[in-house]
Amino acid sequence: MKVLHSYKVYRPDVDGGIPYVIATLARLTRERIDNRILVARRKGYFRQLVVDGVPVEAVTSFGTLFSTPLAPTFPGMLASRAGSCDILLHHAPFPLADLAMSFIPAKVALIVYWHADIIGFSLLKKLVTPALIRTLRRANRIIVADQSTIDGSELLRSFAHKCSIIPYGTDIDYWSVCSKDEHFAAQQLRQKYPRLILSIGRFVPYKGFSSLLQALKNIDGQLVLVGEGPLDRKLRDLARDLSLSDRVVFAGRLDASEMKAYMHAARVLAFPSITTAEAFGIVQIEAMAAGLPVVNTCLASAVPRIARHEREGLTVPPNNTDTLAEAIRRILDDSSLALRLGAAGQVRARAEYSQDVYAARIRRLYHEVLEQSALQTVPEGRQL
């Protein structure tokens, strides 16, 4: 079986989020499936490379506009490459891919992996909505991670009959157990930052890092921000203006092993996202697997349904610095609460979000879609 993944950007240009999901899918299914990836550069010329054993083509991009690569050759390239695959797995949102859907051969099954709606760019959404509707009509199946994704999307509600709910999964064993070197690194970090608050993600507005920095004024603790992005300078300036520079560490982009050491050293994961552009939050699962309590926000998305209030974490209103600070202080100051939430998180992560369950669900869907597609393309008057 040949599966082509399409999205706007991928490793090594960008990590985390949807690129992480694509990498996970490719890794979990590679024994039985020939995965290939077509993306655009964040900015740069066309290149071919192999990432984690998977062939990747990244077309030329002249930068980004409305969080979308300026990659004029992408639609034509996608139409060309899709013809040689069995399944095109379109990771949305990426409007340039939607422009190519009319040219995808009918024999190619289309799965739309709807990670999130387009949020915050009303003009762009208005312009591309007709193309999005054509894609959803063409799709054999639509994957969403949570029922809230369907409920919160005006577009998806009309295609709910095509939707399959498959929560994301991750390598629970990896995040729950440290190697000798990782354990030593975590001990060193714990000694250096005895009340360590960890937060991880791209430095973009919806992640709510500005609110977290504001909340830190009322918390006795040290914050490590892991990530990078367009708000990097603005966040550093805010930390300085709030006189927090001595209590905030901008760790940059870390590899998985380094991030795991921080998770096992930290006392709490702060996940302060402020809009439904944060549709899920895989890092919550990784933190839960590491036994780390979570403070998240009550968004109308899957976010508060992963680490649940008073069960695996604490949930607060988005963009409310007072309640955010209060929840983080509760966990820092109450070791029994932290232990209870952390232990419950480990149980839930393993039961609900293991990569084996995730991979099995995805593979089952692939086969169902191929069977459906074969039936639809049988010439009239013939039987399989």
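Begin by selecting Arg247 and Gly221: a polar atom of the Arg247 side chain lies 2.8 Å from the backbone oxygen of Gly221. The model on display is a predicted one.

**Around Arg247**

Keep Arg247 selected and add Leu216, whose backbone oxygen is reached by the Arg247 side chain at 3.0 Å. Arg247 itself is found in the loop that joins α10 (232–241) to β13 (248–252). Next, display its sequence-distant contacts: leaving aside residues up to four places away in sequence, Arg247 touches Leu216, Lys217, Ile219, Asp220, Gly221, Gln222 and Leu223. For one of these, Lys217, the C-alpha atom is 9.7 Å from that of Arg247, although 30 residues separate the two in sequence.

**The open sheet**

Now select the strands β3, β4, β2, β1, β7, β8, β9 and β10, which in this order form an open sheet of 8 strands with mixed pairing. At its edges are β3 (47–51) and β10 (163–165), each of which pairs on one side only. On average, neighbouring strands of this sheet are turned by 25 degrees against each other, direction ignored.

Restrict the view to β7 (residues 87–92) and β8 (residues 109–114), which are paired in the parallel sense over 6 bridges. Within this pairing, Ala92 has Trp114 in β8 as its bridge partner. Add helix α1 (residues 17–29), which packs on the sheet and touches β1 (2–6), β2 (34–40), β4 (54–59), β7 and β8. The direction of α1 makes about 155 degrees with that of β7. Then bring in helix α2 (residues 74–82), which lies across β1, β2, β4 and β7 and runs at about 170 degrees to β2.

**Aromatic rings**

Turn next to the rings, among which 8 aromatic pairs are counted. Select Tyr168 and Phe280, an edge-to-face pair with 4.6 Å centre to centre and 90 degrees between the planes. Tyr168 belongs to the loop between β10 and α7 (172–176) and Phe280 to the loop between β14 (268–270) and α12 (282–289), so the pair ties together parts that are 112 residues apart in sequence. Tyr168 and Phe280 are both buried.

Move to Phe203 and Phe209, whose rings are also edge-to-face, at 5.5 Å centre to centre with 85 degrees between the planes. Phe203 and Phe209 are both buried.

Extend the selection to Tyr113, Tyr168, Phe280, Tyr353 and Tyr358, which ring pairs link into a cluster.

Finish at Tyr174 and Lys260: the charged end of Lys260 sits over the Tyr174 ring, 3.7 Å from the ring centre.

Key. Residues numbered from 1 in each chain as written. Predicted model: local features only at pLDDT ≥ 70, side-chain atom pairs only at ≥ 80, totals over all residues. Heavy atoms only, no water. Helix = DSSP H or I, 4+ residues; strand = E, 2+ residues; numbered from the N terminus. Contact = heavy atoms within 4.5 Å. Polar contact = N/O pair within 3.5 Å; in protein donor to acceptor, adjacent residues only side chain to side chain. Pairing = 2+ DSSP bridges. Axes fitted to C-alpha atoms, helices over the stretch in contact; angles between N-to-C directions. Phe/Tyr/Trp six-rings, centres within 6.5 Å; stacked < 30°, edge-to-face > 60°. Buried < 20%, exposed > 50% of the residue type's maximum accessible area, 1.4 Å probe, protein only. Lys NZ or Arg CZ within 6 Å of the ring centre and 35° of its normal.
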